[in-house]
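Let's walk through this protein together, moving from one part of the fold to the next. Keep the structure open beside the text and follow along.

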Amino acid sequence: MASLQKLTIFRGPVGSFVRSISTGVPRFDIFKVQSPEEFDEKVRKSKDPVIVDFFATWCAPCRMLTPRIETIIGENAGKVKLAKVDIDEHTDLALDYEVASVPVLLAIRNGKVEQRLVGLQDTDKLRTWVQNVVEKK
């Protein structure tokens, strides 16, 4: 009975609920590629520009790049999407795009690579690079 009272106290009065507030980047423009078919559908066939982030979970520069690029994609919501490709899970995609080291960012529009950025970059350089990708028609 005591644990039930604690649960009731924790839960709050009947009819109330706790609302979580997210202060992070909206995730609708950012997705992790789960299969080559998904890559074809969401990246190669996309009319909008897609930045593809080739990364590895063991890669420290990749982990440092992630919040930077995700923030910048969030600033350009609706104009560009970010596809994250784990090279250990999708080695064929990495080979297709000649990814020899990580991190690598590719700007792809209409199935064609327009730009490539290799290595960890500072936020200002990333922001300028993404802006150039977005503005190119």
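A good place to begin is where β4 and β5 meet: these strands run antiparallel and are joined by 6 bridges. Along this pairing, Ala107 stands opposite Gln115 in β5. The two strands form a hairpin with 2 residues between them, and Asn110 in the turn has a positive phi of about 55°. Please bear in mind that this is a predicted model.

Now step back to take in the sheet that holds this hairpin. It is an open sheet of 5 strands in the order β1-β3-β2-β4-β5, with mixed pairing. At its edges lie β1 (30–32) and β5 (112–118), each of which pairs on one side only. On average, neighbouring strands are turned by 20° against each other, direction ignored.

From the hairpin you can move across the sheet to β2 and β3. Strand β2 (residues 50–55) runs parallel to strand β3 (residues 81–86), and 6 bridges join them. In this pair, Phe55 stands opposite Asp86 in β3. Helix α5 (residues 123–135) packs on the sheet, where it touches β2, β4 (104–109) and β5; the direction of α5 makes about 175° with that of β5.

Strand β3 also has a partner in β1: these two run parallel, with 3 bridges between them. Here Ile30 stands opposite Leu82 in β3. How much of β3 is covered? Mostly covered is the description that fits, as 5 of its 6 residues are buried. It helps to recall that side chains in a regular strand alternate between the two faces of the sheet.

For a closer look at a single position in the sheet, find Val104, which is in strand β4. Is Val104 buried or exposed? Val104 counts as buried because its relative accessibility is 2%, and the cut-off for buried is under 20%. Leaving aside neighbours within four places in sequence, the contacts of Val104 are Val52, Asp53, Phe54, Val99, Arg116, Leu117 and Val118. For one of these, Leu117, the C-alpha atom is separated from that of Val104 by 5.8 Å, while the two residues are 13 apart along the chain.

Next, turn to helix α2 (36–44) and the loop that follows. Which residues of α2 are buried? They are Glu38, Phe39 and Val43. These residues are on the same side of α2 because they cover an arc of only 100° around the axis. On the other side of the helix, Glu37 and Glu41 are exposed. The cover over the buried residues of α2 includes β1, β2, β3, α4 (91–96) and β4.

In the loop between α2 and β2 you will find Ser46. Ser46 has a relative accessibility of 11%, so this residue counts as buried. The side chain of Ser46 reaches the backbone oxygen of Asp48 at 2.9 Å. Not counting residues up to four places away in sequence, Ser46 touches Glu41 and Asn110. Both partners have appeared already: Glu41 is exposed on α2, and Asn110 is in the turn of the hairpin.

Our last stop among the residues is Lys136, in the segment after α5. Lys136 has a relative accessible area of 40%, which means that this residue is partly exposed. Not counting residues up to four places away in sequence, Lys136 touches Arg109 and Glu114. The C-alpha atoms of Lys136 and Pro49 are separated by 9.2 Å, although these residues are 87 apart along the chain.

With these parts in mind, the whole chain can be viewed at once. How many helices and strands does the protein have? There are 5 of each: 5 helices and 5 strands. Read from the N terminus on, the elements run α-β-α-β-α-β-α-β-β-α. Of the 137 residues in the protein, 39% are buried. Among contacts between residues at least 6 apart in sequence, 69% join residues at least 24 apart. The protein exposes about 8,600 Å², and carbon and sulfur atoms supply 56% of that area.

Note on methods
Residues numbered from 1 in each chain as written. Predicted model: local features only at pLDDT ≥ 70, side-chain atom pairs only at ≥ 80, totals over all residues. Heavy atoms only, no water. Pairing = 2+ DSSP bridges. Helix = DSSP H or I, 4+ residues; strand = E, 2+ residues; numbered from the N terminus. Axes fitted to C-alpha atoms, helices over the stretch in contact; angles between N-to-C directions. Contact = heavy atoms within 4.5 Å. Buried < 20%, exposed > 50% of the residue type's maximum accessible area, 1.4 Å probe, protein only. Polar contact = N/O pair within 3.5 Å; in protein donor to acceptor, adjacent residues only side chain to side chain. Arc of directions from axis to C-beta. Areas by Shrake-Rupley, 256 points an atom, 1.4 Å probe, with all protein chains shown as cover.
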